[in-house]
Amino acid sequence: SETSPATSVLELGCSDGYFVGWLRKEGYNAEGVDIDENAIIRSDKPYLHHGDITCLDDIFDGRTFNLIVATGVFNIGTQIYYLFKEELGMDKKGTVETTPEHEKAALENIEKILKSSFRHLKPGGLLITVDNIMPGDYTAISPVAASRAGYVIVHSIRQEAILQKPK
């Protein structure tokens with residue numbers, strides 16, 4: 001089925017916006033958001049935004065999207081990195097020791113991202129996530145957390161999930 005070019009898409013963790021740029025060339029009304037302010041500044045694109053994806057309200061106020069996509073966002077390793085990189089010296093070491101408390105905080109952050117994304121999806125809109133899993137890592141969208149946020153779970157396996165906001 002064809003998608004309307006007016007379809008609005010938000011990429012979480014867009015980095016320098018390569019994928020968002022491609023979507024825009026394909027006719028989608030695409031925007032991106034990333035916590036890395038330097039990546040957003042380097043890209044110098046008005047459709048890319050710096051901000052915390054646990055608080056999309058701060059960036060997009062009440063705006064909603066047909067589709068929210070994310071690659072490499074909803075996994076434990078990524079979340080521990082962004083929450084604890086300084087504390088654990090993650091940019092200086094190849095491997096780090098994490099604790100169950102680090103993992104718990106990462107899971108709580110993922111649930112915040114799920115809830116934030118839900119508020120910015122149109123009714124019937126989809127959140128699609130794909131993760132490149134490192135050994136020992138896993139995608140951390142639990143069906144329980146997704147249901148608690150209000151999603152219908154369309155598809156969920158170890159490396160990917162499709163969640164829908166009810167119509």
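## A walk through two helices, a pocket and some loop residues

Let us begin at Y28, which sits in the loop between α1 (18-25) and β2 (29-34); helices here are DSSP runs of H or I with at least four residues, strands are DSSP runs of E with at least two, and both are numbered from the N terminus. The model is a predicted one, in which local features need pLDDT of at least 70 and side-chain atom pairs count only at pLDDT 80 or more, while totals for chains, interfaces and linings use all residues. Residues are numbered from 1 along each chain as its sequence is written, and side-chain values use heavy atoms, with hydrogens and water left out.

Y28 counts as partly exposed because its relative accessibility is 25%. The cut-offs for that word are simple: buried means under 20% relative accessible area, exposed means over 50%, and partly exposed is in between, with a 1.4 Å probe and protein chains only. If you look for E87 from here, you will find that Y28 and E87 are 59 residues apart in sequence and 39 Å apart in space, C-alpha to C-alpha.

Next, have a look at S15, in the loop between β1 (8-12) and α1. Its phi is near 55°, a positive value in a residue other than glycine. S15 counts as partly exposed because its relative accessibility is 37%. Not counting residues up to four places away in sequence, S15 touches D34, A39 and I40, where contact means heavy atoms within 4.5 Å. S15 and D91 are 76 residues apart in sequence and 17 Å apart in space, C-alpha to C-alpha.

D44 also has a positive phi, of about 50°, although D44 is not a glycine. You can find D44 in the loop between α2 (37-43) and β3 (48-50), and at 65% relative accessibility D44 counts as exposed.

Now for the helices, starting with α4 (76-88). What happens to the path of α4 at Y82? The helix bends there by about 55°, the bend being the angle between axes fitted to the seven residues ending at a residue and the seven starting there. The span can be set beside this: a straight helix of 13 residues would span 18 Å at 1.5 Å a residue, but α4 spans only 15 Å between its end C-alpha atoms. The expected value is 1.5 Å times one less than the number of residues. I76, T78, Q79, I80, F84 and L88 are buried in α4, and the buried residues of this helix pack against α5.

That brings us to α5 (100-119). Its 20 residues should span 28 Å at 1.5 Å a residue, and the end C-alpha atoms are 29 Å apart, which agrees. The buried residues of α5 are H102, A106, N109, I110, E111, I113, L114, S116, S117 and F118. What covers them includes β1, β4 (65-71), α4, β5 (121-130), α6 (143-149) and β7 (160-164).

Two residues of α5 deserve a stop. S117 lies in this helix and is buried, with a relative accessible area of 0%. Leaving aside its neighbours within four places in sequence, S117 is in contact with L12, L56, I68, L127 and Y151. L107 is also found in α5, but L107 counts as partly exposed because its relative accessibility is 34%. L107 and I76 are 31 residues apart in sequence and 7.0 Å apart in space, C-alpha to C-alpha.

Both helices also meet us at the second largest pocket, as α4 and α5 are the elements that give two or more residues to its lining. On a 1 Å grid over the protein atoms alone, where a 1.4 Å probe fits, a pocket is an open set of points with protein on both sides within 12 Å along at least five of seven lines, and lining residues have an atom within 4 Å of a point. The second largest pocket is lined by 18 residues, of which I35, I53, T78, Q79 and Y82 lie nearest its centre. Which helix gives the most to this lining? It is α4, with four residues.

Our last stop is K167, in the segment after β7. K167 is exposed, with a relative accessible area of 84%. Not counting residues up to four places away in sequence, K167 touches P123 and G124. K167 and I157 are ten residues apart in sequence and 23 Å apart in space, C-alpha to C-alpha.
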